Structures are given as structure tokens and as C-alpha cells.
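User: Got a model here that I'd like to talk through. Can you walk me through the side-chain contacts?

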Amino acid sequence: MAEFRDGFNPDQKDGFELTKYERGILPASDPFIKVIREKERDLFPEFKTEGFAIAPENKRYFYFAPNHHFRSRLLTKDDIKSFLANPDKRLLSVGAGQGQLERLLVHLGIPAERIALADREPADLPEQFKVYEFDMYKTWPNLGDLKYDLIIFPESLLCNVHVGDMLYSKKIYNSHYTEIEYRIKELVSMLSQAIMNLNDDGEIRINGHSQEEETLQKLKLILEKQYQVVVSFDAELITV
């Protein structure tokens with residue numbers, strides 16, 4: 001098994017039992033989360049005092065601290081162990097923002113060449129990764145013959161129709177669809193393309209602090225029927 005950098009040992013018994021979480025969020029007091037928080041403070045000055053998200057000036061988006069993605073289970077300690085133990089495993093991060101989460105993974109020992117990043121505005125993404133520029137809601141480009149074992153959407157996909165006024169012009173809505181129907185249609189199109197780039201035993205994970213249960217229930221029914229996948233979700237994480 002590959003070694004973790006900086007003496008980080010995922011097998012260390014931390015005495016913290018992971019049971020049920022009211023909203024699917026691991027507490028900041030979790031010893032593993034505390035380690036991640038310490039490392040992100042060292043790596044990213046922008047998160048030295050802010051441990052959730054930042055909104056840089058002249059940017060349209062929020063950028064979330066890596067520990068938030070671990071707390072919401074977008075990535076886990078077991079994922080790190082698995083990627084280090086299996087040199088063929090590959091990760092695709094869609095809507096990667098500035099790539100802080102992925103840079104932390106490299107710091108923990110996962111080679112950058114096994115991580116690909118995608119964003120429609122990739123100017124801030126680090127050059128050490130393979131980078132794809134595309135809008136995830138539109139037609140995806142050819143990502144090559146290799147499939148991914150894990151595809152993540154780090155707070156980049158909100159299953160929430162009420163963000164429509166903020167994100168979309170009303171002009172795009174077809175009069176034949178209600179707002180939620182259009183949103184479902186859009187999400188199914190996007191996730192079907194992600195499924196096409198996933199290994200047979202791979203997994204898609206989407207975290208988001210503003211997901212709507214009605215939207216998720218409809219999305220689950222359609223995806224499971226059309227693509228023979230299993231969809232599960234709670235208030236913080238969607239897994240396909």
C-alpha cells in the first residue's frame with residue numbers, strides 16, 4: 001500500500017464512531033476532519049480562517065474549503081486509502097473551481113495524473129492536472145477511452161429549481177415544461193453523460209447544501225429506470 005505523505009495514516013484508530021448524521025454532515029470535531037482542516041490551512045491561505053467557503057471579489061462563484069467536501073462525504077478517508085492502494089483508479093472532478101480539493105488529494109499522495117478536472121471557466125485551475133473546458137449542462141467533449149472510477153461534482157450542481165431566477169434566464173424555459181420538469185430534464189441529460197464516462201463499478205457523487213427532495217425523488221425514478229443505476233440521497237449528498 002502506498003504511503004501517505006506527511007505521516008497521514010488513514011488506518012489510525014481515532015475513536016470516533018461514524019453513525020447517523022442529522023443532515024449528513026460529519027462534525028468538525030471528527031479527528032479525520034480536523035487533520036484535513038489543518039492541512040488545508042497550511043496549503044491554502046484563503047482558508048486559513050474561513051473553513052467553509054469564500055467568495056472572491058470579481059468572481060461569480062463560491063469556492064468551498066476541502067474539509068467541507070469531506071464533511072459532506074463527497075470524498076472519504078476510505079476513498080483516499082482506495083486510490084493509494086489501487087494505482088489504476090481515476091477521478092474526474094466536474095465544476096472544480098480553483099482545484100483546492102484536488103490539490104489537497106495530491107498533497108496526500110494521489111498522483112495528479114490520475115485526477116482530471118473540468119470547468120466551464122478553467123482559467124484558475126492548476127496546470128498540474130488534465131483539464132477539460134466545458135459546460136456540464138451541455139454536450140460533453142470526448143474525454144478519451146479511459147473511464148473514471150469516481151466522478152464528483154463538488155458543490156457545482158444544485159438540484160434546486162428555485163435557483164432558476166439566479167442562474168438562468170426565464171427565456172430558456174420551454175412553455176411545454178414546468179420549471180421543475182425543465183430542471184429534471186437538464187439534470188438527466190447531464191448525469192447521463194457522466195454515466196457514459198464511468199467504469200462499470202464506478203460511482204458518481206454530488207454534494208450540495210441546497211438540494212430539494214422533490215427534485216431528487218423525480219431524478220432518482222428517471223435515472224434508475226433509464227440507466228439501471230441505484231440512486232441514493234440525503235440532504236447533503238447524492239450518489240449514483
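Analyst: Sure. One term up front: a polar contact is a pair of N or O atoms within 3.5 Å. Also, this is a predicted model.

User: OK, so what caps the N-terminal end of H1?

Analyst: Asp-30 does: one of its side-chain oxygens lies 2.9 Å from the backbone nitrogen of Phe-32.

User: And which residues of H1 are buried?

Analyst: Those are Phe-32, Ile-33, Ile-36, Arg-37, Lys-39 and Glu-40. They cover an arc of only 165 degrees around the axis, so they sit on the same side of H1.

User: What do the buried residues of H1 pack against?

Analyst: They pack against H2, helix H3 (77–85) and helix H4 (100–107).

User: Switching to rings. How many aromatic pairs are there?

Analyst: Two aromatic pairs. Phe-32 and Phe-70 are edge-to-face, with 5.5 Å centre to centre and 80 degrees between the planes. That pair links distant parts of the chain, with Phe-32 in helix H1 (residues 31–43) and Phe-70 in helix H2 (residues 66–71), 38 residues apart. Both Phe-32 and Phe-70 are buried.

Analyst: Phe-134 and Trp-140 make a tilted pair, at 5.0 Å centre to centre and 45 degrees between the planes.

User: Are Phe-134 and Trp-140 buried or exposed?

Analyst: Phe-134 counts as buried because its relative accessibility is 8%. Trp-140 is buried too, with a relative accessible area of 7%.

User: Which ring does the charged end of Lys-89 sit over?

Analyst: The ring of Phe-83, 5.1 Å from its centre. Arg-90 lies over the face of Tyr-148, at 4.3 Å from the ring centre.

Conventions
Residues numbered from 1 in each chain as written. Predicted model: local features only at pLDDT ≥ 70, side-chain atom pairs only at ≥ 80, totals over all residues. Heavy atoms only, no water. Phe/Tyr/Trp six-rings, centres within 6.5 Å; stacked < 30°, edge-to-face > 60°. Helix = DSSP H or I, 4+ residues; strand = E, 2+ residues; numbered from the N terminus. Buried < 20%, exposed > 50% of the residue type's maximum accessible area, 1.4 Å probe, protein only. Lys NZ or Arg CZ within 6 Å of the ring centre and 35° of its normal. Arc of directions from axis to C-beta. Contact = heavy atoms within 4.5 Å. Polar contact = N/O pair within 3.5 Å; in protein donor to acceptor, adjacent residues only side chain to side chain.
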